[in-house]
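Here are some exercises on cysteines, a pocket and a helix, each with a worked solution. Have the sequence and the model open as you go.

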Amino acid sequence: MKKFNGTEVTEFVFVIFAFNPSVKYLVFSIFLLAYILLLSGNILIMLTIRADHRLHNPMYFFLGKLSFIDLCYSSVTVPKMLVDFLSDKQTISFNGCITQLYFFHFFACAECFIFTVMAYDRYVAICKPLQYSTIMSKQLCLWLVAATWAISFVHSNIQTTLTMGLSFCGPNEIDSFFCDIPPLIRLACTDTTMIDAMIVANSGIVSLSCFLTVLISYIGIGKAIFRIRTAEGRRKAFSTCASHLTVVTIFFGPCVFIYMRPSKSFQSDEVVIVFYTIIAPMLNPFIYTLRNQEMITAMKKLWGRNAK
């Protein structure tokens, strides 16, 4: 690795793209297809929710926000990655790296909290159905979304400020396809023990608080489902929550693995990174639509109207 003796790094090089030439374009095609599916799936969900008045309720309001966040979350990293695949040199400036890091953590935190809000919405719908419309008012939904953006802003600023406080004098090779905190901390030429602990604590507070809230919500939901007398009622209630629970598990698992530990490198990190930045956001639209008859019906109606 190239060393920069006492000189501040002005750009970083991504080294995760060291594929065999015969495999390089195959991998590029797979990631491009995944990104196209991600964009089209999430845009379709947003258009369907907007077009069908029957979907204008809190559950689909939050689903639309999740689709928007998914779209932004992956677009922070994937387009640059696809361009780098076809380039001779995969680099990013220091300022560009910090900007990418900022927005990645902004939208990742927003996704954590929108999942939490969706879990609370399902808890109220199943455990307090008679009070649902009163509790989940339009004002509360807007306040919850506003709080999601505000907390994400604070979280991202803390993470970015701590990272910018480090000194980078070489090496400048990032073992990833985008700028994130763990690989950057490993490149710092100062003692990162305290900052690493602060970053892990900040990420831990966000991840753990969201995860515990979701867990508590679903414990309450599980108890309520078992109290439903009819098998059909239990099936419908479980089906409503299964999609959300699946998506939450897919998202929180990799996040906990990467961010709730010191910034050490593991061989499995590359696979996990690809999973939670590309695969998970791509799967979300399919998981939500394929298990949701209301969404399927609304999409057929939307496509039928456009075809005419």
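Cys189 is partly exposed, with 34% relative accessible area, where buried means under 20%, exposed over 50% and partly exposed in between (1.4 Å probe, protein chains only). Before we start, note that this is a predicted model, in which local features need pLDDT of at least 70 and side-chain atom pairs count only at pLDDT 80 or more, while totals for chains, interfaces and linings use all residues. Residues are numbered from 1 along each chain as its sequence is written, and side-chain values use heavy atoms, with hydrogens and water left out.

**Exercise 1. Find the disulfide partner of Cys189 and place both ends in the fold.**

Step 1. Apply the cut-off: a disulfide is a pair of cysteine sulfur atoms within 2.5 Å. Cys169 meets it, with an S to S distance of 2.3 Å to Cys189.

Step 2. Locate the ends, taking helices (H or I, at least four residues) and strands (E, at least two) as DSSP runs numbered from the N terminus. The link ties together distant parts of the chain, 20 residues apart: Cys169 lies in the loop between α6 and β3, and Cys189 in the loop between α7 and α8 (193–227).

Step 3. Check the burial of the partner. Cys169 counts as buried because its relative accessible area is 16%.

Step 4. Look at the backbone here too. The C-alpha atoms of Cys169 and Ala188 are 7.2 Å apart, although 19 residues separate them along the chain.

**Exercise 2. Count the disulfides and give their pattern.**

Step 1. The rule yields two disulfides. Besides the pair already solved, Cys97 bonds to Cys179, with sulfur atoms 2.0 Å apart.

Step 2. Work out the hand of the link between Cys97 and Cys179: the angle about the S-S bond is -120°, and the link is left-handed. Cys97 sits in helix α4 (residues 94–127) and Cys179 in the loop between β3 and α7 (181–185), 82 residues away in the chain.

Step 3. Add the accessibility. Cys97 is buried because its relative accessible area is 0%, and Cys179 is buried with a value of 0% as well.

Step 4. Number the bonded cysteines along the chain, and the pattern reads 1-3, 2-4.

**Exercise 3. Is Cys72 buried or exposed?**

Apply the accessibility cut-off again: Cys72 counts as buried, because its relative accessibility is 15%. Now turn to Cys210, which is in no disulfide; its nearest cysteine sulfur, that of Cys112, is 5.0 Å away. Cys210 is buried, at 1% relative accessible area.

**Exercise 4. Which element gives the largest share of the lining of the second largest pocket?**

Step 1. Start with the space: the second largest pocket holds about 410 Å³. Of its 17 lining residues, Ile49, His56, Tyr60, Phe61 and Lys65 are the closest to its centre.

Step 2. List the elements that give two or more residues: α1 (21–51), α2 (58–75) and α6. The largest share, six residues, comes from α2.

Step 3. Turn to the helix itself: α2 is mostly covered, with 14 of its 18 residues buried.Step 4. Check the terms: on a 1 Å grid over the protein atoms alone, a pocket is an open set of points where a 1.4 Å probe fits, with protein on both sides within 12 Å along at least five of seven lines, and lining residues have an atom within 4 Å of a point. The volume is the space filled by probe spheres set on the points.
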